[in-house]
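These are my notes on a look at internal cavities and at helix packing. The structure is shown first, and the entries follow.

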Amino acid sequence: MATPNTHGSLRIKLLRLILGALLLLGGTTLLASGALIYSTDRAVQAKREQELLSGLEEKARLLGFNQALALRSLVADNLFGDVKALIHQTVSENNDIAYGLFFDAENRVWAASGLARVPASKDAPSPAAPNFTAADLESLGISTVHPSRLALRRRQNPLGGEDVLEVAAPVISEGTHAGTVIYGISTRSVVERMVQARDLAANRLVTTLGLIVALILGSGAASYFLVKRVAVHITEPLLALRTAAGAIATGLRSSAPPTESPIVDRKKWERVQITSGDELELLGAAFNSMVEANEHAFEELRVKTEQALEASRMKSEFLANMSHEIRTPMNGILGVIRLMQNQSLDGKMRRYVETVDASANTLMSIINDVLDFSKLEAGKYVAQHVSYDLRLVIQEVAELMASQAHEKGLELVYRVERRVPTGIVGDPDRFRQVLTNLVGNAIKFTDRGEVLIDASISQQDKATALIKLAVVDTGPGIAPDDQKKLFAAFSQVDGSLVRKHGGTGLGLAISKRLVEVMGGEVGLDSTPGQGSRFWFTIRVGVTAGGEQIRSAEWASGRRALVVENSRSWRDVVVEHLVAWGFDAESAASGRDAINRLELAVLEKRPFSAAVVGVQMDDLGLEEFLRTIQSVPALQTLPVVALYHMGSSVTLSGMDSSMVTQLPKPLRVSELYNTLQSALTGASTPPPSKPGVEPGKIASKLPVLVVDDNEINRYVAMEQVEQLGLRVETACNGQEALECVKRNRYVAVLMDCQMPVMDGYTATQEIRAWERSRNRHTVIIALTAHALVGERDRVLAAGMDDYLAKPVRPQSLQKTLWRHVVLSRDEPGSSPSPSGPELEAARAPVLDPEVPRSRKLIELVLKNVPAQLDGLEGVIRSAVAAEIKANAHKLKGSMLSIGAARVAELAEKMQLAAGQGELPQAGDLARLRNEFDSVSAALKEELAATAKAT
């Protein structure tokens with residue numbers, strides 16, 4: 001709020017305005033008066049000067065006339081001396097006459113008086129000389145032409161000084177021109193009188209202007225005091241209005257102290273009472289009306305705001321209750337489905353169960369979309385800032401969506417630009433959600449061709465980077481008018497697509513808002529009939545460098561051929577091969593590739609390896625291999641076959657020892673390791689006997705499951721028992737409190753919303769009871785609420801962790817293992833064995849008591865090799881925090897399938913990294929060796945399951 005003006009500011013402005021106007025008027029008057037007086041005096045002086053000159057001319061005429069009469073008789077009698085005496089006497093007796101002369105009709109000078117004072121010119125004789133002639137007069141500017149009548153003229157005084165009025169009169173004797181008499185009368189007296197007149201006028205002008213200035217100043221002073229008194233009646237009402245407005249602006253009401261101004265009503269600050277009888281009184285009345293209207297409007301606004309807040313609160317409660325009410329039965333549905341999937345089912349029954357599971361998961365996806373949109377709309381979502389591997393997330397999304405793409409006959413390709421950093425800081429879950437949504441849409445709306453995930457870097461500095469992800473498809477494209485609808489909530493391009501493909505229309509709207517929360521933007525480039533390119537950017541922190549593509553000495557100078565029907569996959573594989581050091585070429589068909597291979601042998605520049613896509617248009621993989629193996633020089637050529645996940649090729653009746661099959665989407669690290677092993681003969685180091693203590697995979701103490709819903713209790717009990725743990729149950733928080741007081745539990749799975757006593761209160765009571773007994777029971781919240789802040793609420797209540805319903809067995813297992821297994825020693829447990837006992841106590845490769853579904857086995861076989869590669873990468877980078885995180889992730893994966901021996905090694909590596917110690921040289925080799933045993937056992941189990949079904 002701006003600082004208000006001082007109390008008298010308006011009054012000062014009025015005073016300045018009035019005084020300024022008076023000064024302007026006075027100045028104008030002064031200038032006008034001065035100009036008028038001056039012009040009047042000039043006119044008077046001009047007239048006076050004219051009168052003086054007229055008098056002088058009259059005097060000159062009279063003098064010339066009289067002198068001509070006087071000289072007439074003297075010239076007729078030739079009285080030269082008398083003429084001279086008359087001229088001299090006339091000049092000497094009158095000071096105004098400067099000179100006089102007479103010359104006869106023959107221009108002979110008879111007399112000249114006053115001209116002797118004129119200095120002679122250089123060439124002319126002295127005017128006073130006896131032989132003074134007419135020529136001498138001409139040299140002085142005196143005309144010797146005899147006028148026919150009396151003549152006057154103003155001329156310069158030949159004697160110097162003021163000008164003279166020269167009069168020339170003819171002397172007529174008996175009708176004959178006898179000569180001319182000339183007198184020069186000085187104008188000095190006229191000049192002196194005019195000077196005196198001008199001085200008098202100037203003095204009169206100064207006096208007059210002084211009087212006017214004094215009058216103006218006096219009027220200004222009087223006006224100042226008058227305006228100062230009158231301005232109070234204008235400014236006081238305005239100051240009252242300002243005070244009242246300021247009180248309203250600062251929230252002051254009738255509780256404020258009353259103003260000193262008698263114009264303001266003392267009862268309320270925001271009311272004014274003006275009785276000036278003019279427009280100000282009308283202004284005050286309008287102000288009071290405005291205040292009353294504002295009070296009414298603010299009262300309505302307050303009521304509506306309270307109603308809106310109440311509606312928002314009720315909406316939040318509704319969402320929470322809806323989440324709880326929906327997720328509670330969904331927890332039972334999904335839990336029972338997963339329990340059924342772990343049973344031995346015939347093919348038709350298993351198909352039914354899988355169909356129900358897919359439908360239930362689709363329903364949960366829709367529910368999550370609605371809840372996510374509600375959270376984003378309310379502005380409650382805050383992005384995470386954790387370290388993660390961008391390449392790994394993209395790879396996981398591609399592998400997750402690959403089956404959907406391959407079922408439609410589409411290629412799913414992903415490419416990560418070499419400059420994209422490996423280690424970044426951001427929100428991996430929301431990044432995965434956005435990318436999954438865009439890839440899923442691209443697959444949904446594309447009927448043939450491919451979907452490409454392209455990751456590049458737009459900007460980067462030492463601390464941050466702007467990553468750009470593009471999902472390019474070969475679908476029908478989107479018209480420009482329809483593109484505007486895509487990122488709006490609950491909308492798709494048209495109703496037919498909704499009916500054909502389904503969906504809530506929230507995916508892109510949620511993605512757009514999530515990207516904005518992560519500091520980026522989202523956009524679309526599409527042309528109908530030419531496919532679409534959805535892109536988004538995210539602003540991330542950079543924690544570690546490292547590039548996926550790395551050069552290798554073993555690849556330098558070798559040639560490699562890429563045979564792939566998909567141009568995008570050809571380009572990606574060739575890009576990596578060239579970066580590793582290969583001289584790489586590509587071919588689009590099998591026969592073209594065979595011709596190149598044979599030609600290279602003839603040119604004695606053979607290829608060292610071939611990367612071949614199984615889905616070739618002209619040849620099958622087996623026919624391709626038979627053809628090249630029929631050439632002696634190509635029989636030992638290493639071949640890496642790329643197949644769609646789940647559709648590997650069985651090679652029979654031929655030597656397949658040189659063929660390695662890798663699934664698509666291709667893991668670049670697997671291709672690197674495969675080619676290196678095939679070309680250098682490098683193999684995994686021989687297994688060594690690990691000397692580590694085995695961790696506990698179960699506890700003698702039970703787990704307490706607390707839930708008021710019987711189905712949810714049953715599901716949770718079954719899931720915990722499948723982990724090899726004993727279970728006890730309670731129906732509400734009060735029963736849970738009594739159970740904890742009677743028995744000890746390895747963990748308590750606590751529902752949050754229950755009758756009698758909810759989970760929050762029960763946890764607080766348990767913690768209060770445990771403080772005096774120096775105990776701590778692990779309490780894990782099971783809640784169907786999905787709103788932001790739920791995790792903070794359960795942690796604030798004293799719980800150790802949080803699981804959202806529906807609870808996934810893997811999540812439950814990881815959470816229990818994180819808080820119980822390998823980190824807690826229960827009372828009565830036997831000491832860890834050592835020496836010979838250690839070998840006897842070692843767990844089997846796979847725990848037979850842990851249930852493993854076919855899908856779980858496939859996921860482990862697909863994902864764990866990448867986890868091992870990632871662990872190897874961070875060990876090479878010597879980043880303890882990353883080693884700890886990767887080892888923890890590997891441990892969880894192994895515990896989910898009962899591979900305790902691998903979990904032990906990962907746990908040891910995790911604990912060592914947590915203390916800042918880096919793994920030893922053989923630790924990773926032991927991990928890989930153990931996992932090879934686990935992988936073999938899993939494949940045998942998978943084959944047995946397939947044979948049984």
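**Entry 1: the largest cavity**

Which elements each supply at least two residues of the lining of the largest cavity? I looked this up in what is a predicted model. The elements are β7 (411-416), α12 (567-580) and α15 (668-680). I then asked which of them gives the largest share of the lining. That share comes from α12, with four residues.

I noted that eleven residues line this cavity. Nearest its centre lie Y414, V572, H576, L666 and V668. Sorted by class, the lining has eight nonpolar, two polar and one charged residues.

For volume, I recorded about 80 Å³ of space in the largest cavity. My search of the whole structure returned seven cavities of 30 Å³ or more.

**Entry 2: α7 against α8**

I turned next to helix pairs. Two packed helices are described by the angle between their axes and the distance between the axes, so I sought both values.

For helix α7 (residues 390-407) and helix α8 (residues 428-444), the axes come within 10 Å and cross at roughly 30 degrees. Angles under 35 degrees count as roughly parallel, and I therefore entered α7 and α8 as roughly parallel to each other. Their crossing is right-handed.

Which residues make the contact? From α7 I listed L390, V393, I394, E396, V397, M401, Q404 and A405. From α8 I listed F431, R432, L435, T436, V439, G440 and I443. By class, I recorded ten nonpolar, three polar and two charged residues in the contact of α7 with α8.

**Entry 3: α13 against α14**

What is the angle at which helix α13 (residues 590-602) and helix α14 (residues 621-629) pack? I found about 15 degrees, with the axes 11 Å apart. I therefore entered α13 and α14, too, as roughly parallel to each other. I noted the handedness of the α13 and α14 crossing as right-handed.

On the α13 side, the contact is made by G590, R591, A593, I594 and L597. On the α14 side, I listed E623, F624, T627 and I628. The class count for the contact of α13 with α14 is five nonpolar, two polar and two charged residues.

**Entry 4: summary**

I closed the notebook with two points. The lining of the largest cavity draws at least two residues from each of β7, α12 and α15. The crossing of α7 and α8 is right-handed, and so I have it for α13 and α14.

Technical notes: Residues numbered from 1 in each chain as written. Predicted model: local features only at pLDDT ≥ 70, side-chain atom pairs only at ≥ 80, totals over all residues. Heavy atoms only, no water. Axes fitted to C-alpha atoms, helices over the stretch in contact; angles between N-to-C directions. Parallel < 35°, antiparallel > 145°, perpendicular 65-115°, else oblique. Left-handed = near helix turned anticlockwise from the far one by under 90°. Contact = heavy atoms within 4.5 Å. Nonpolar A, V, L, I, M, F, W, Y, C, P; charged D, E, K, R; others polar. 1 Å grid on protein atoms, 1.4 Å probe; cavity = no way out; pocket = protein on both sides within 12 Å on 5 of 7 lines; lining within 4 Å. Points joined across faces, edges and corners; volume = space filled by probe spheres on them.
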